[in-house]
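Visitor: I have just arrived with a fresh model to look at. Could you walk me through it?

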Amino acid sequence: MAVRFPAIAAALLLAALAVRLAWADGAPRMLVIAANAEPDTLDLAMTREGPSAYPILENMTERLVGEETDGKFVPTLATWELAADGKELVFHLKPGIKFSSGDPLTARDIVFAYERAKAKAPMFLRHARFVDSITAVDDHTVKLRFKQPDVGFIAWRGLLAESMAYYNRVGEKEFVAHPVGTGPYKIVDYKPGDHLDMARFDGYWGRKPAVDKARFVFIKDDTTRIAKLKAGEVDLIMNTPYADVDALHAAGFHTRTLAAFPSVSIQFQIANKKAPWADVRVRRAIAEAIDADAIIKGLFHGVPDRYPRLAPGELGYDPTLRNYRYDPADARKLLAEAGYPHGFKMPFYTWAGTYYGIPETAEAAVLYLKAVGIDAEMIPLDAPKYMDKVRSVARRPDAEFVGLATLPMANLSDPTDALSVYYSSSAFSIYRDAALDTAIGRALGELDPAKRADDIKAAFRLMQDQVATIVVWDSVSVYTMKRDLDYTPLPRMFPLLLLQNVALK
């Protein structure tokens, strides 16, 4: 039997009204958030594409090390001790913590999560690169031994907590489909491609959040997210387009901005010496052909920042580094010197579907490159496929790859963690250089922050001089919400949406 559209519209209106009334009369609140990306998996340890998974799933799955809104690392599930030589790290779990399945958190869970991630999660391997062993000393003590010091391990905020008892009880398939965590929220409903519902976990060990229930609706289209906010169908949107911020303010909404990694950058695979961009002159020509400042001003209303590598205030920030200048005449000269006076054709892979602004940036870059003779063919890939492509290219020295993606650079909790991505042992490293490896290795192994700052400077100086990547602009994440809400994002972090940091006015 056909259902008339007016009946459907009425039903949707009543549902929306019920949510609004529940908010107004003090009943359990359903906060509705429009997210620009959907997690590629509900098992956070297995994600192939962190920027889409972490923002939502860190409400459920916690790490051993926490971060406050002022950027300081703090104990959450555990306290820790790092040996003077940096080769031993001991975590002491807080007693009495439970997963939402009711299982207690023990040291065996941490070892289980580590070993499972190392076996199955490519993104985890760079964090485990120097770990020699991990041991559950007793129910509440985990000891890690390192082959060499790795300051990036704490900067990554330690290990995830996943329940071995729950896994053994339900098996792999159920464990991934219906995960549990120690966080302040648990998943109560998930419809792929549509929404994910969370409810407050009443057995949570920490501070009780103000929000009882939340729904993340997955809306990739920027215009649709804004329309639903204006229509009252959602309370908060992530990844607000920069061009719409002023109009939303005028319409009575307010925003929170977060200077967050990653940086929108061009990256190169240079192992294939037959590729034109294996020549540093060609990479510099590409950098000088693109007017990044005009992209920021013209397309994005001047909202994003642009730093040559790190942002001011970060460990190892070098004020003497300068952004690549826009100089198309010099770009053509460099191409001619490198043997390409008439340019060349180039595949130009682009990361699609997670961050605002990448398609627009790619289209502008293609036009700028065409003006100096480089014919760049845009090949958009959804984020997980892009990451798979990078991993594949890293294993193939004959591959031809230039890509525009979001890369760790500025606005990380510790820049050493960003450097680790470019270390040759990383599954995501497609720019391989012995001198850069040496500089990164020194930074990763230096425990003294003052000395490490010098090593970080040296590594990023090499990256800038070699044009290892080209930073086009640095992300600024904009959250827009109704006036009766406020959200405090974590600094120097993925643009997370941590429900515990939502305040109801």
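Visitor: Glad to be here! Which strands are included in what covers the buried residues of α13?
Guide: Welcome, and note that this is a predicted model. Helix α13 takes in residues 383–394, and its buried residues are Ala383, Pro384, Tyr386, Met387, Val390, Arg391, Val393 and Ala394. What covers them includes β12 (254–268), β13 (344–352), β14 (374–382) and β15 (402–407).

Visitor: How far apart are the end C-alpha atoms of α13?
Guide: The helix has twelve residues, so at 1.5 Å a residue the expected span is 16 Å. The model agrees with that expectation, as the end C-alpha atoms are 17 Å apart.

Visitor: Now to strand β15. Is alanine 405 buried or exposed?
Guide: Alanine 405 lies in β15, and that strand is among those covering the buried residues of α13. Outside its sequence neighbours within four places, alanine 405 is in contact with Ser263, Val264, Ser265, Gln267, Trp351 and Tyr386. The cut-off for burial is under 20% relative accessible area. Alanine 405 has 1% relative accessibility, so it counts as buried.

Visitor: How far apart in space are alanine 405 and methionine 387?
Guide: Methionine 387 is one of the buried residues of α13, while alanine 405 sits in β15. The two are 18 residues apart in sequence, and from C-alpha to C-alpha the separation in space is 9.5 Å.

Visitor: Which residues of α12 are buried?
Guide: Helix α12 covers residues 358–370, which is 13 residues. From first C-alpha to last it reaches 18 Å, close to the 18 Å expected at 1.5 Å a residue. Its buried residues are Ile358, Thr361, Ala362, Ala364, Ala365, Val366 and Leu369.

Visitor: Which residues is aspartate 455 in contact with, leaving aside neighbours within four places in sequence?
Guide: Aspartate 455 belongs to helix α16 (residues 449–466). Its relative accessibility is 13%, so this acidic residue counts as buried. With the neighbours within four places set aside, its contacts are Ala439, Arg442, Ala443 and Glu446.

Visitor: What is phi of valine 467 near?
Guide: Valine 467 is in the loop between α16 and β16 (469–481), and at 0% relative accessibility it counts as buried. Most residues other than glycine have a negative phi. Valine 467 has a positive value, near 50°.

Visitor: And where is histidine 301, with its positive phi?
Guide: Phi of histidine 301 is near 55°, a positive value in a residue other than glycine. As for its place, histidine 301 is in the loop between α10 (292–300) and α11 (328–337).

Visitor: What is the relative accessible area of threonine 76?
Guide: Threonine 76 is in the loop between β3 (73–75) and β4 (78–82). Beyond residues up to four places away in sequence, it touches Arg63, Leu64, Val65, Gly66, Lys94 and Trp205. Threonine 76 is buried, as its relative accessible area is 16%.

Visitor: Let's step back. What is the radius of gyration of the protein?
Guide: The protein has 16 helices and 18 strands, and its C-alpha atoms fill a box of roughly 70 × 60 × 45 Å along the principal axes. For 505 residues, a compact globule would have a radius of gyration near 23 Å. The protein agrees with that, at 24 Å.

Visitor: What share of the residues is buried?
Guide: Among contacts with a separation of 6 or more, 71% join residues 24 or more positions apart. The accessible surface comes to about 20500 Å², with 54% belonging to carbon and sulfur atoms. Of the 505 residues, the buried share is 56%.

Notes. Residues are numbered from 1 along each chain as its sequence is written. This is a predicted model: local features need pLDDT of at least 70, side-chain atom pairs count only at pLDDT 80 or more; totals for chains, interfaces and linings use all residues. Side-chain values use heavy atoms; hydrogens and water are left out. Helices (H or I, at least four residues) and strands (E, at least two) are DSSP runs, numbered from the N terminus. The radius of gyration is taken over C-alpha atoms; the globule rule is 2.2 Å times the number of residues to the power 0.38. Buried means under 20% relative accessible area, exposed over 50%, partly exposed in between (1.4 Å probe, protein chains only). Contact means heavy atoms within 4.5 Å. Accessible areas come from the Shrake-Rupley method with a 1.4 Å probe; for residues, only the protein chains shown count as cover. The expected span of a helix is 1.5 Å times one less than its number of residues.
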